Amino acid sequence: MSYDGITQRVSDRYARAAATGEQICCPTGYNFDDLKTFIPEQVLKISYGCGTPAGLETVRSGETVLDIGSGGGIDCFEASRQVGQTGLVIGIDMTDTMLDIARRHAPVVARNLGYPSSNVEFRKGMAEAMPVEDSSVDLIISNCVINLAPDKCKVFREMYRVLRPGGRFTISDIVSDQPVPQYLVHDTEKWGNCLSGALQVSEYMGGMVVAGFLGIHQVKFTPWQVIDGLHFLSVTLTGYKLSETAEVDRVRFATLLGPFSRVMDELGQIYQRGKSRPVNAHAAPLLKASPFQSLFLLTDSPVSLEASDSRLCAILPEQVPCVWKGDYAIFTGPFAEAEDDDHHIFRRGIPLEICSKTLKVLESDPYRPHFAMINRATGEGSSTQVACSPSGGCC
Ligand SMILES: C[S@@+](CC[C@H](N)C(=O)[O-])C[C@H]1O[C@@H](n2cnc3c(N)ncnc32)[C@H](O)[C@@H]1O
């Protein structure tokens, strides 16, 4: 089907859902009791997101926030509360029925928040050609929309265009562990239900890097559905548009603290745990942002650390036999590639089969935020214990 055909069907699907208040879509995690205090029921009823990009307390007072595919307006209204009266929220959507509901409720929300007038503007437009000025937005949010767009790379380029240098995005969306096969891609029902249009994690994060974003990383992940062995996940991702001019910064060197033993960033620079290396002046502000600030020691002169230094973090696997149970780790951290202390090389977005021993390592607090875990075994997986040896290549 043509791109226009897909878009028309998606729009019809959501117009119908908004008109009937049908319940569709995915796991979110909203605190509805809190939202009910200022957002009308009709808006909450047509919340079709798969995360809470505006509820992550990343929104700051006075900011300009753009919500791509704003639907009935739930995240715009939450952002409206967070940016306060001095901030501005722009919601864009292609579906008139959604826009009508959102616009109708904007003055009600403003009154409930005690604002003299609404600070939310709903504009009709496409995610692939946003009716928004260049470099005018501090934060982009979006909730379960980009998977519905046939040309995701165009959406990523538009996001980069409208974001101001130094700005960021936080997006919740549905992604898959492997490429969606053609028989599902052409299933328009499943496309409208936020499944068939999902990109593989590696393609999604890689597409954002190609558009110019850096420091792309997972904030949250929730398993969603398994269809014909394909795992669909809800992920919330953040990334940054760096300023083009090098800022004067005292950060000149970075020492990787762990838990990874080695990482390669999105610019191809390699950091080894405990070893200091000069940082690119352009990228220095990135290392002060989340989650980098907790992974590196940032200094104005080189500081290398002994292996025994308490600031370093290394998590070694237990010296026990391992069991293969069908677990796969998908690295979703802020690097193109990362290595653990058992010589696994995790390439971002590519599932790597791991044994029970490695699963335990990756489920420890320092590693957990950087991975999405799936299990592909249809039964119990194996219970055979395998003796690991570094040369045996078992894990
Ligand atoms: C799954 S709903 C999510 C709505 C809202 N973000 C929420 O959390 O409730 C998807 C919304 O995105 C809109 N949408 C889908 N594809 C779009 C595109 N390419 N450009 C603009 N809007 C789009 C639909 O009209 C619909 O309102």
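**Notebook: helices, ligand shell and sheets**

I started with two helices: α1 and α5 pack at an angle of about 40 degrees, and their axes are 7 Å apart. I call α1 oblique to α5, because angles under 35 degrees would count as roughly parallel and this pair is past that cut-off. A reminder to myself: this is a predicted model.

Next I looked up who touches whom. From α1 the contact uses Y14, A15, A18 and A19, and from α5 it uses T97, M98 and I101. I sorted the residues of this contact by class and got six nonpolar, one polar and no charged.

**Entry: α4 against α5**

How are α4 and α5 placed relative to each other, parallel or perpendicular? I found an angle of about 30 degrees between α4 and helix α5 (residues 96–113), with the axes 11 Å apart. That angle makes α4 roughly parallel to α5. I also noted that the crossing of α4 past α5 is right-handed.

On the α4 side I wrote down C76, F77, S80 and R81, which meet A102, V109 and L113 in α5. The classes in this contact are five nonpolar, one polar and one charged.

**Entry: around the ligand**

Which residues come nearest to the ligand? There are 27 residues around the ligand, and G49, G69, G71, T95 and N143 come nearest. I then asked which helix gives the largest share of the shell. My answer is α1, with four residues. Both α1 (3–20) and α4 (74–83) supply at least two residues each to the shell. So far I had met these two helices as packing partners of α5. By class I count 14 nonpolar, 10 polar and three charged residues in the shell.

**Entry: the four-stranded sheet**

I moved on to the strands. Four of them form an open, antiparallel sheet in the order β11-β10-β15-β16. Why do β11 and β16 each have one side without a neighbour in the sheet? β11 (270–272) and β16 (345–347) stand at the edges and have a single partner strand each, so one side of each stays free of a neighbour in the sheet. From one strand to the next, the twist averages 15 degrees.

In the middle of that order I checked one pairing. Strand β10 (residues 262–264) and strand β15 (residues 337–339) run antiparallel and are joined by three bridges. One residue pair I marked is R262 with its bridge partner E339 in β15.

**Entry: the three-stranded sheet**

Here the order is β17-β14-β18, again an open sheet with antiparallel pairing. The edges are β17 (351–354) and β18 (371–375), each with a single partner strand, so one side of each has no neighbour in the sheet. Neighbouring strands are turned by 30 degrees against each other on average, direction ignored.

I followed β14 (residues 327–331) to β17 and found four bridges, with the two strands running antiparallel. I330 stands opposite P351 in β17.

**Entry: β9 and its partners**

Last, I looked at strand β9 (residues 253–256). It pairs with strand β12 (residues 276–278) in the antiparallel sense over three bridges. β9 also pairs with strand β13 (residues 296–299), again antiparallel, over four bridges.

What are the bridge partners of T255 in β12 and in β13? In β12 the partner of T255 is S276, and in β13 the partner of T255 is L297.

Terms used. Residues are numbered from 1 along each chain as its sequence is written. This is a predicted model: local features need pLDDT of at least 70, side-chain atom pairs count only at pLDDT 80 or more; totals for chains, interfaces and linings use all residues. Two strands pair if DSSP finds at least two bridges between them. Axes are lines fitted to C-alpha atoms, for helices over the stretch in contact, and angles run from 0 to 180 degrees between N-to-C directions. A residue is near a molecule or strand if its C-beta atom, placed from the backbone, lies within 6 Å of it. Ala, Val, Leu, Ile, Met, Phe, Trp, Tyr, Cys and Pro count as nonpolar, Asp, Glu, Lys and Arg as charged, and the others, Gly among them, as polar. Angles under 35 degrees count as roughly parallel, over 145 as roughly antiparallel, 65 to 115 as roughly perpendicular and the rest as oblique. A crossing is left-handed if the near helix is turned anticlockwise from the far one by less than a right angle, and right-handed if clockwise. Two residues are in contact if their C-beta atoms, placed from the backbone, lie within 7 Å.
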